[in-house]
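Biologist: I should like to go through this model in order, beginning with its interior and then turning to its chains and sheets. Please end each reply on the value or name requested.

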Amino acid sequence: MPDSPQGEVMEIISYVARRLATIIPTLLGASMVIFVLTMLIPGDPALMRLGNFATAEQLQSLHEEMGLTKPLYERYMLYLGGLLRGDMGRSWRTGNLVLDDLRARLPMSIELGVCSMLLAIAIGIPVGVWSAASKDSVIDYSGKAYGILGVAMPLFWGGLVLVYVFYFKLGIAPAPTGRIDMLVSPPTHITGSYLLDGLLTGDLEVVMSSAAHLVLPVITLAFVTGASIARMTYTSMRKVLASQFILVSHAYGVSPRAIVYKFALKNALMPVVTLIGLQVGFLIGGVVLVEVVFSLPGIGRYAVESLLVNDFAPVQGFVLLVLVVYLLVNLLVDLLYGVLNPQVHNG
Amino acid sequence: MATAQSSTQVLRFPALPTGRSEKRVTVKRALARHTLYRLGVLMTLFWVAVALLAPWVAPYSPTQGDAALAQGSPSLSHLFGLDKYGRDILTRVVYGSRYDLCIAVTVVGCSLVVGTLIGSMSGFLGGKVDTLIMRVMDMLLAFPSFVLALVFVAVFSPTLMTLVIALSIRFIPMYARLVRGEMFVERVKEYAVAARAIGSAQTRLVFRHLLPNSLSPLITQSTTNISWAVLNAAGLSFLGVGMQPPTPEWGVMISEGSPFIVSGQWWMSFFPGAALILMTAGFILLGDGLSARTER
Amino acid sequence: MPQEVTRRRFMFQTLGVLGGATVSGNLLPLLAEAAKRKQVLRVAIERDFETLRPELSAGDTANLLRRLIYTTPILWGTQQRPDGSLIYDMDRIEMGLATAYKVSEDRQLIEFTLDSNAKFANGDPINAQALKESYAWFLNAKGSGQLRVNGLPSADRIEVVDEVTVRLRLDRPVAWGLIGNALLSSSSIVHAQEIMKHATADDPYGTKWLETKTIESGPFVIETWQKGAMMSLVPNPHAFQPAKLERIILQIIPDASTRRIVLERGDIDFAVQIATKDIPDLRKASGVKVLSYPSARGWWLGMTWNKAPFNNIHFRRAMAWAMPYETLMQVVTHGLAERSRSCVPNNVSGYVGDLWPYETNLEKAREELAQAQVPEGFTVTIPVYAGDLFDEEATVLIKESLAKLGITLTLQKMPIGQKRTLLTKKQVDMAVYDWRPWVPDAGYFIYWNWLPDSFTNYWNYLNPEAQVLGNEAITMAIGSPERQAKLRRFQEIVNGDIGLVPLFTQFDNLVMREHVQGYVYYPDAIPVLAKLSIG
């Protein structure tokens with residue numbers, strides 16, 4: 001282990017570079033797996049497009065047009081070639097390039113995912129720490145109860161209940177018709193996130209409207225995610241608080257609060273950070289049902305809706321995209337390991 | 001010093017000064033912890049019993065409904081109300097415990113075992129082996145679980161078996177990664193270094209010492225995953241490709257009942273949801289109790 | 001954004017509506033109220049449009065758009081029902097692009113006189129030549145077997161007589177020749193010249209361009225299209241008939257429950273695909289009106305003729321006796337359907353309802369089953385469209401019924417493409433089946449479903465006598481007594497064979513706010529938004 005700061009930085013950089021390099025083979029492997037899997041799905045996409053009035057010759061011509069008559073390996077090679085050029089193929093369902101579709105929808109998913117994760121962390125970690133630190137009290141039990149409730153609640157059910165209560169019955173929340181109110185024009189596209197773009201262009205109305213439309217879905221997601229974060233924090237904190245190191249500090253007269261927040265937390269956070277890393281990918285790509293209930297045009301919905309009509313190019317692109325997001329997030333997580341616990345040697 | 005400390009150190013450690021006498025606090029905590037654990041055991045056993053005794057416990061048929069009573073609200077003769085086909089929801093919840101216990105235990109069990117094996121080896125051995133295994137795990141983990149399950153279920157038809165496999169695959173890397181993370185921490189701890197220094201066989205070290213110390217977050221994750229397994233099944237049902245109707249599985253019931261929330265018939269999705277929460281609670285309390293016991 | 005709305009919004013804000021109200025969303029429904037009075041129609045649709053290509057007709061939502069952006073030479077006439085709602089008139093044609101038409105005695109020659117002022121959205125005239133090119137494009141793009149079906153197999157049968165007159169010479173006197181070739185949304189008029197400008201070697205008919213861009217011929221043009229989120233349309237400045245609406249907003253709201261509550265609270269004026277279970281509640285809701293129309297969308301239980309015991313007449317009769325007809329209508333359609341008793345749906349010309357003697361009778365079902373030599377513990381797998389509640393619920397109820405006979409049904413929910421593929425490959429033993437004819441005529445239905453090479457003859461039904469009758473009926477005038485007799489005999493044969501077990505014919509229920517006026521129901525049930533107005 002180099003002692004000089006420059007040496008440490010170099011090590012980190014080379015670690016990052018190595019990790020980034022391994023993304024490529026992972027992506028290749030994943031692209032092959034998802035391609036083969038989706039090709040195995042029974043069902044004829046051309047029939048989907050033609051609907052109830054298809055004639056045999058229409059079907060034939062559409063098969064040719066969609067390239068469905070070529071053998072599997074040839075289609076994979078074409079696909080791979082396209083990927084290397086940055087072309088993920090075209091979705092026949094939207095008529096656009098998959099890349100364009102994903103680019104249009106990704107900012108929204110990130111917006112939703114990041115906001116939800118931030119709120120989840122803001123709820124989960126304090127609840128977990130507080131419960132762990134006040135063992136066997138009312139706070140402890142409440143924290144436990146929240147953990148159980150949040151983990152067992154179906155997302156779409158929670159979303160529907162929130163919509164029913166706060167929009168339908170109370171009229172407080174805005175209509176779940178999408179990212180922004182129907183009569184408000186979307187902001188000029190800079191990042192794609194309505195919140196950010198509204199802020200950057202100074203369009204207060206856009207910021208207010210898109211924030212309002214994010215409230216319920218973010219609460220739904222944060223409630224559930226926060227619960228599993230709380231639980232993990234709780235368990236981890238308990239374990240750390242019981243360890244010898246802590247006891248020794250206590251014996252030496254370090255105040256309990258200092259113990260909890262300065263020493264225990266840092267060590268206890270390792271599995272929590274792992275969990276957060278695992279969850280971020282989910283919050284961006286896996287919250288299809290929340291996107292459905294709140295009519296949000298995210299990448300998860302895009303992929304699932306395509307899959308259900310046998311339009312596979314979007315699914316393939318989606319998987320690769322989520323993979324990249326996930327790998328980057330987890331690179332960050334692994335780097336954080338090093339910060340949190342310098343005892344751990346990376347690799 | 002070691003023994004005296006290990007039995008009482010946890011109990012005696014005041015996280016925040018409470019001002020009460022230590023002895024009362026000690027006893028109270030001991031009871032409370034024990035009670036919760038016991039509650040968890042009881043709840044889990046309750047569900048197992050319900051699942052086993054379903055045909056005798058349930059008042060009506062889970063699949064034959066009385067159309068005239070469809071969407072009926074809870075009443076004395078139908079405590080949980082009726083669903084859209086006129087089937088008794090209490091009966092279906094009771095029978096549903098079979099499916100969901102099965103899903104929960106199988107999915108989590110399989111993925112736990114396989115994932116732990118992979119993760120502990122990877123974390124312990126480190127180096128190139130670790131890198132390779134973790135890349136494969138990453139790939140699996142990053143696969144959006146929904147899409148993976150959907151694809152799986154579409155390729156092989158949606159039976160209980162396929163569903164279980166699809167969901168298990170999703171969880172394996174979670175455990176692998178957790179265990180690996182714990183391995184990193186544990187293997188540099190004093191006792192591990194010491195053990196290696198005196199020449200302990202590696203496998204023995206991993207399984208007898210390192211692993212049990214890593215169990216805590218694993219157990220926590222498992223109990224969380226139990227409900228996720230069922231919820232994923234519910235989500236798949238919402239999209240139409242989960243367990244097939246008229247199977248009285250809680251996830252199916254929740255998704256079938258969700259459209260009725262907005263028309264005011266809350267009971268259709270509430271009771272299976274509550275059952276799921278109670279089952280999850282049982283497993284979690286059980287798991288937390290077990291987890292506490294493995295803390296040294 | 002129109003100036004007045006921006007100013008009005010500013011006005012509201014400066015009147016001191018709290019930022020809190022803005023965030024809470026209370027302000028925006030107020031604005032919506034204002035917008036409502038300004039003839040803006042907000043529609044909730046369940047999914048996005050895949051393409052602007054008119055020859056790919058995947059679903060009612062896609063057709064909703066076709067009717068907005070493309071026009072057809074003629075439209076259905078309108079009549080009023082006793083309750084005041086409007087419905088199509090089978091006997092009257094309303095002029096659209098065409099100001100007059102003529103059909104020859106032998107029904108093989110159709111002549112249109114077009115409106116001399118008709119123009120595309122970019123100002124190019126829709127004259128006889130443009131009409132011919134549009135039809136020709138359809139036929140040559142090989143995308144539309146529709147026109148071929150209706151007796152127009154090739155472009156050389158379209159004759160440009162003069163600037164505004166077009167003649168179509170059909171290859172046979174198809175009963176629905178006029179309607180099929182000039183009224184259905186399959187005869188949408190496209191700007192063929194413009195499309196062909198975008199043709200390339202790989203794409204000889206410019207279809208790639210047409211996926212997302214077009215030159216509209218219909219009453220509305222696309223203003224903005226945010227894929228996956230919404231589409232807004234404004235009136236076509238060159239439409240031959242001025243629209244009453246100033247703007248139509250098609251908002252994608254994928255969840256049916258969400259669509260319902262958004263309509264109930266008034267944030268949406270018109271919603272498609274509302275769950276049938278919500279219809280009775282919505283009827284009672286204030287500010288909402290529900291228009292229910294008997295339709296021709298029939299639902300049947302289909303069984304293959306390719307293997308035993310399904311091709312055994314006793315088995316089929318047993319199924320006919322075993323169906324829980326009343327329960328199906330009660331639970332699945334909540335009473336919003338009518339009992340169907342033939343191999344063609346109700347409400348079509350030629351439907352006969354007295355040739356089906358079967359009612360729910362499990363005893364008789366057992367008797368027939370005994371004669372069918374069905375093995376003990378017989379199991380059938382039925383594919384079900386995931387996401388189609390009628391299909392799923394009907395199958396579950398049928399499963400319950402058959403369980404009482406000792407037959408086990410296994411449901412298999414699958415994405416729509418999968419079931420359709422299985423059906424097309426004729427690999428389905430038994431399934432719930434539905435089909436809606438766009439022309440309310442039994443002959444049309446027979447053409448698509450009952451002939452040996454009908455694309456949707458998934459069950460492989462073959463009966464020479466019926467085939468002859470069917471073919472004859474196709475080319476006879478709708479409503480003529482001899483045709484009615486042939487259709488009657490056809491149904492007698494097929495019902496006797498139990499070609500399909502009719503379950504019910506559903507109602508179409510349209511849900512909208514009370515202030516939405518002018519809805520006319522067409523037999524293809526595609527909501528014609530262009531005729532609507534607010535107030």
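Biologist: How many residues does the largest nonpolar core have?

Modeller: The model is a predicted one. Those with the most contacts inside this core are F318(A), V319(A), V147(B), L150(B), A229(B), V43(C) and L301(C). The number of residues in the largest nonpolar core is 345.

Biologist: Which helix gives the most to this core, and with how many residues?

Modeller: The core includes F318(A) and V319(A) among the residues with the most contacts inside it. The helix that gives the most is α9(A), and its share is 16 residues.

Biologist: Which residues are in contact with V147(B), leaving aside its neighbours within four places in sequence?

Modeller: V147(B) is among the residues with the most contacts inside the largest nonpolar core. Once neighbours within four places in sequence are left aside, its contacts are A303(A), V304(A), L307(A), V315(A), F318(A) and V319(A). Of these, F318(A) and V319(A) are also listed with V147(B) for the most contacts inside the core, which thus includes F318(A) and V319(A).

Biologist: How many residues of chain A are in contact with chain B, and which helix of chain B gives the most to the side that touches chain A?

Modeller: On the side of chain B there are 55 residues, in contact with 58 residues of chain A. Helices that each supply at least two residues of the chain B side include α2 (22-57), α6 (160-187) and α8 (202-239). By class, that side divides into 35 nonpolar, 13 polar and 7 charged residues. The count for chain A is 58, and the helix of chain B that gives the most, with 10 residues, is α8(B).

Biologist: What is the secondary structure of chain B, and what percentage of its residues count as buried?

Modeller: Chain B comes to 10 helices and 0 strands. Among its contacts with a separation of 6 or more, 68% are accounted for by residues 24 or more positions apart. Of its 296 residues, the buried percentage is 53%.

Biologist: How many nonpolar residues has the side of chain A that touches chain C?

Modeller: This contact takes 55 residues from chain A and 50 residues from chain C. Helices of chain A that each supply at least two residues of that side include α5 (98-133) and α9 (204-241). Its polar residues number 15 and its charged residues 9, while the nonpolar count is 31.

Biologist: Why is one side of β4 and of β6 of chain C left without a neighbour in the sheet?

Modeller: The open sheet has 4 strands in the order β4-β5-β7-β6 (chain C), with antiparallel pairing. β4 (98-103) and β6 (158-162) stand at the edges, so one side of each is left without a neighbour, as each has a single partner strand.

Biologist: What angle does the direction of helix α5 of chain C make with that of β6(C)?

Modeller: β6(C) pairs with β7 (residues 165-169) in the antiparallel sense over 4 bridges, and E159(C) stands opposite R167(C) in β7(C). Helix α5 (residues 128-140) of chain C packs on this sheet, touching β5 (109-114), β6 and β7. Its direction makes with that of β6(C) an angle of about 175°.

Biologist: In β3(C), which residue is the bridge partner of W76(C)?

Modeller: A sheet of 3 strands, open and of mixed pairing, has the order β2-β3-β19 (chain C). Within this sheet β2(C) and β3 (residues 86-95) run antiparallel, joined by 7 bridges. The bridge partner of W76(C) in β3(C) is I93(C).

Key
Residues are numbered from 1 along each chain as its sequence is written. Chains are lettered from A and ligands numbered from 1 in the order in which they are written. This is a predicted model: local features need pLDDT of at least 70, side-chain atom pairs count only at pLDDT 80 or more; totals for chains, interfaces and linings use all residues. A residue is buried if 20 or more other C-beta atoms lie within 10 Å of its own, exposed if 12 or fewer, and partly exposed in between; C-beta atoms are placed from the backbone. Two residues are in contact if their C-beta atoms, placed from the backbone, lie within 7 Å. Ala, Val, Leu, Ile, Met, Phe, Trp, Tyr, Cys and Pro count as nonpolar, Asp, Glu, Lys and Arg as charged, and the others, Gly among them, as polar. A nonpolar core is a set of buried Ala, Val, Leu, Ile, Met, Phe, Trp, Tyr and Cys residues joined through C-beta atoms within 7 Å. Two strands pair if DSSP finds at least two bridges between them. Axes are lines fitted to C-alpha atoms, for helices over the stretch in contact, and angles run from 0 to 180 degrees between N-to-C directions.
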